[in-house]
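Let's take a walk through a protein model together. Keep the 3D view open as you read.

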Amino acid sequence: MQIYLPIAEVSVNAFLLLGLGGLVGVLSGMFGVGGGFLMTPLLFFIGIPPAVAVATEANQIVASSFSGVLAHFKRRTVDLKMGGVLLIGGLIGAAFGVVVFNYLKSLGQVDLLVKLSYVIFLGIIGGLMFIESLNAIRRSKKATGPIKRKHHTWIHGLPFKMRFRVSGLYISVIPPIIVGLVVGILSAIMGVGGGFIMVPAMIYLLGMPTKVVVGTSLFQIIFVTGFTTLLHATTNFTVDMALAVLLLIGGVIGAQFGAVIGAKLKAEQLRILLAMMVLGVCIKIALELLIMPGELYSLGPAGGH
C-alpha cells in the first residue's frame with residue numbers, strides 16, 4: 001500500500017514504514033537509545049531526503065522513547081534528577097544545532113554534513129563500545145566476584161557537586177550538562193536521540209549503573225527531541241507528519257517489546273549488540289558516500305531538499 005508523503009515528495013509503502021518504526025522501537029526499549037542513529041539512515045536508503053528524515057525522525061524518537069520510559073518507570077530505573085541536569089545541556093545544544101543546520105541548509109551542504117556526521121560519530125563510538133564490551137565480557141568470565149563500577153577519577157574533583165540517589169552518585173553537574181549539550185547538538189543535526197553517545201558516556205564517564213542509564217537516557221531524549229522537532233517545524237518546514245505518524249505507531253508498539261527483551265539480557269550483551277549495530281550502520285553509510293551512484297547528477301530547486 002503506497003502512501004504519498006507531501007513534504008518528502010515521494011511515495012513509500014506504508015507497511016514498510018510501520019515495520020521500520022517497530023524495529024527501531026524495539027531497539028529503543030532494549031538499549032535506552034532513541035533509535036534515530038538507525039532509523040534516519042534507513043529513511044535515506046528508502047529515498048527520503050536527508051533534511052526531511054532528520055527533522056521528521058525526531059517525532060518517532062519522542063514516541064518510542066516515551067513508550068520505553070514508561071516501562072522503566074514501573075521498575076523504578078529512572079533517575080529523574082540526573083535526567084533534569086542532562087536536559088539543561090540538551091535543550092541549549094538542540095537550539096545551537098538547529099541554527100547550524102539552517103545555515104548549512106541555506107548553503108545546500110546539509111545532506112553531506114548529515115551523512116559525514118553519521119560516518120564519523122558512529123565509527124568512533126561503535127568501535128570504542130565494541131572493544132570495551134569484549135573486554136567486559138572477558139573480565140566477567142574471569143572474575144570470581146562482582147566487578148567494581150565506582151572508581152575515583154578527575155570528574156570527582158570538579159565543583160558544583162550534587163547527590164544523585166537513584167544512581168548512587170555524588171558528582172559535579174558539569175559533566176552531565178556537557179554530555180547533554182553534545183547530545184542536543186547531534187539531535188538537531190543528525191536527527192538522533194543521541195542515546196548511542198549518551199548511554200556509554202553515562203556508564204563510563206559518569207559511572208552510572210547500566211540499568212538506571214537506560215531509563216534515564218530515554219527520559220532526557222523525550223524532551224530534547226521534542227524541542228528539536230518544534231524548532232525544525234517552525235524554521236525549516238521539513239517535518240512530514242504523514243511519515244511521522246506511521247513511524248510513531250510502529251515505534252510505540254516496538255518499544256514495549258524491547259523493554260521486555262532488554263530486561264532478560266546481561267549488561268555486557270546489551271552493549272556489544274548495540275556496538276555491532278552502530279558499526280553496521282556506519283559501514284553502510286560510508287559505502288553510500290564512496291561508491292559511485294547510478295545517477296551522477298540530479299536537478300532540484302536551489303536551497304531546497
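Below we look at how some helices pack and at a patch on the surface.

This is a predicted model, in which local features need pLDDT of at least 70 and side-chain atom pairs count only at pLDDT 80 or more, while totals for chains, interfaces and linings use all residues. Residues are numbered from 1 along each chain as its sequence is written, and side-chain values use heavy atoms, with hydrogens and water left out.

Start with helix α4, residues 80-107; helices are DSSP runs of H or I with at least four residues, numbered from the N terminus. Helix α4 packs against helix α8 (residues 210-235) at an angle of about 25 degrees, and their axes are 9 Å apart. Axes here are lines fitted to C-alpha atoms, for helices over the stretch in contact, and angles run from 0 to 180 degrees between N-to-C directions. α4 and α8 are therefore roughly parallel to each other (angles under 35 degrees count as such).

Now turn to helix α6, residues 174-190. The axes of α4 and α6 come within 6 Å and cross at roughly 40 degrees.

Finally, look at the surface. Ten residues are not easy to spot at once, so try Leu112, Leu116 and Ile283, which are among those forming a nonpolar patch with about 970 Å² of accessible area together. Patches are made of residues with over 30% relative accessible area and no salt bridge, and nonpolar side chains (Val, Leu, Ile, Met, Phe, Trp, Tyr) are joined within 5 Å, like charges within 9 Å. Accessible areas come from the Shrake-Rupley method with a 1.4 Å probe, and for residues only the protein chains shown count as cover. A salt bridge is a side-chain nitrogen of Lys or Arg within 4 Å of a carboxyl oxygen of Asp or Glu. The elements giving two or more residues to the nonpolar patch are α5 (110-142) and α10 (267-290). Five residues, the largest share, come from α5, the helix in which Leu116 lies.

Technical notes:
Parallel < 35°, antiparallel > 145°, perpendicular 65-115°, else oblique.
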